[in-house]
Amino acid sequence: MNLADSSTLRVAMITRGYQLVDDEKDADLIVLNTCSVRQKAEDRIRGRLGEIHSLKKRKPHVKIAVVGCMAQRLGNELIDQVPYVDYVLGTDRLFALPDVLEGNENTSSVMTAFGHENIDSIKPIRENEHSAFVTISRGCNNYCSYCIVPYVRGRERSHSREHIVEAVHRMNDEGVVEITLLGQNVNSYRYKQTDFPCLLQSIVRETDIRRIRFMTSHPKDLSEKLVDVMANEPRIMPHIHLPLQSGSDAVLQRMGRAYTYSHYRHVIDYIRRKLDYVVITTDLMVGFPGETLEDFEKTLEAVRDIRYDSAFMFRYSVRPGTKAAGYDDDVPEDEKIRRLNKLIELQQNISYERNQREVGRVCECVVEGYSRRSQELARGRTEGNKTVLFRTDEMVLGSVAPVQITAADAFTLRGEIMEANRS
Ligand code: SAH
Ligand code: SF4
C-alpha cells in the first residue's frame, strides 16, 4: 500500500513540475513515506532521519517531509521529537504535499485530520512497463487487537467501481500486463451493489488486462463466491494471500480476528478443491500476549497441516493505543526470537518442498528485469507469484514467456524459456 501511495505521490509531484533525483545528496526536498505497523519500521525511519539530519546540517535549505502512517500517528509530537522535520502529512493528506510546499490556502506544515480526501481523485499510476498497483479501498474497520492500521489509515472507504475499472483500462492501454488490486481487506470491498467478486468480474469483462492479482484477503470474509469466480477466470492469478496469524483459537480470539482455526481450514479446503493449481501464502505472528508454548505449537501444527508456499513471519510488537497494548506483553523477547526462528525454519523446509513440486511445470512468466545477483539471468513472476530465474537472449520487459521450471530452492525457481512461444 505504501509503495502504491509513494508512486502516486511521486507522479503528482512530477506533474506539478518537481524533478526526481537519483541521490538524496542532490535533493532540495526529501520525503519519507512511513510505516507504523511494527515498532521496527518506525525505528528504521528514526535512523534514516538521523542520517538525513547530517545532510541537512551541511545544506540547511533542504526540506524534510515525513508522510503516511507514522506522520498520522505522531502528528505534532514528531516535530517536537525531531525538530528538523519541516512537514508532517498523515495518510489522508500526503497527496496535498505540493500544495503545502507552495503555501496554498488551507494548508499547514502539520496535517493529520481525516475526511479531507476525495478518494476517487487519487489516480493510481503505473511505474514500470509491466505491472501496477490499483488501490481499491483505503483504511480498515477490523480493529484486530494488535494492529495500528485502523488508527493510522482511518475507516474503510472503497473506491468506486467506475474509478477502478477506468484505472485498469488506462493502464492496460499504457502496456501494463499485470495489476494488483490492493486493500487491507479486499473481501470487504463494497461500492453500492458491487462486492469484491463482482468487481473482479467487471474488470475481466470490461478491460483486456492480461493478469489480475489482489491482496490482502481476510479469512473471515473470503467468500466461496470469490473462489468460484477465480475458478472460472484464468486471467485472475491463482494466488491467495490469507493471513492466519496464529493456529490457536484462544490467541485468535484475543487478537480479535473473528475466525477459528477450523473455519480457516475449511476456507483452505474449499480453495484447494475448486482451484486445480493455487499458491497460498500467509502472515504469522509469534509472541502475542499470553501465547503459551501450547498455543505456539498449534501455530507450528497449522503450518505443517496447511503447507503454505511461503509466509511472512513476525514477532509481536506493542503498538501504542491498540487494544492489545493494554495486555501484558509477557512473552520475553528472547523467547519470541526463539519461536520465530523455529517457525521460519519449519516454513522454509515446507517452501522448499512446495517449490520442488513446481519442477517440470511450464509457467507463464511476466519478465520483470534482471536477477538481482546476475545480469545474465532474467527474472520473471509466475502465475502463483513465485520468482523464477532463466536465461534468455532477448530481454523484453513485460513480455509473457513460457518457462519450464527445472530446479528450485525455498525462495526461487529456476527455469528454461521456451522461446518459440513467447508473446
Ligand atoms: N490487512 C492485512 C495486513 C496488515 S499488516 C491483514 O489483515 O492481514 C501486515 C501484517 O503485519 C499482519 O498480517 C500481521 O501479521 C503483522 N502485524 C500487524 N501488527 C503487528 C504487530 N503489532 N506486531 C507484529 N506484527 C504485526
Ligand atoms: Fe490490521 Fe486486522 Fe485491519 Fe489487517 S484486518 S489491517 S491486521 S486491523
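Trainee: Which residues of helix 1 are buried, and what makes a residue count as buried?
Mentor: In helix 1, the buried residues are Ala4, Asp5, Ser6, Ser7, Thr8, Leu9 and Met13, where buried means under 20% relative accessible area, exposed over 50% and partly exposed in between (1.4 Å probe, protein chains only). This is a predicted model, in which local features need pLDDT of at least 70, side-chain atom pairs count only at pLDDT 80 or more, and totals for chains, interfaces and linings use all residues. Residues are numbered from 1 along each chain as its sequence is written, chains are lettered from A and ligands numbered from 1 in the order written, and side-chain values use heavy atoms, without hydrogens and water.

Trainee: How do you know that the span of helix 1 agrees with its number of residues?
Mentor: The expected span is 1.5 Å times one less than the number of residues, so the 14 residues of helix 1 (residues 2-15) should span 20 Å, and the end C-alpha atoms are indeed 20 Å apart. Just after helix 1, Gly17 takes a positive phi of about 105 degrees.

Trainee: How many helices and strands does the protein have, and why is it called as compact as a globular protein of that length?
Mentor: The protein has 13 helices (DSSP runs of H or I, at least four residues) and 19 strands (runs of E, at least two). Its radius of gyration, taken over C-alpha atoms, is 22 Å, close to the 22 Å that the globule rule gives for 423 residues, so the protein is as compact as a globular protein of that length; the rule is 2.2 Å times the number of residues to the power 0.38. Of the 423 residues, 52% count as buried.
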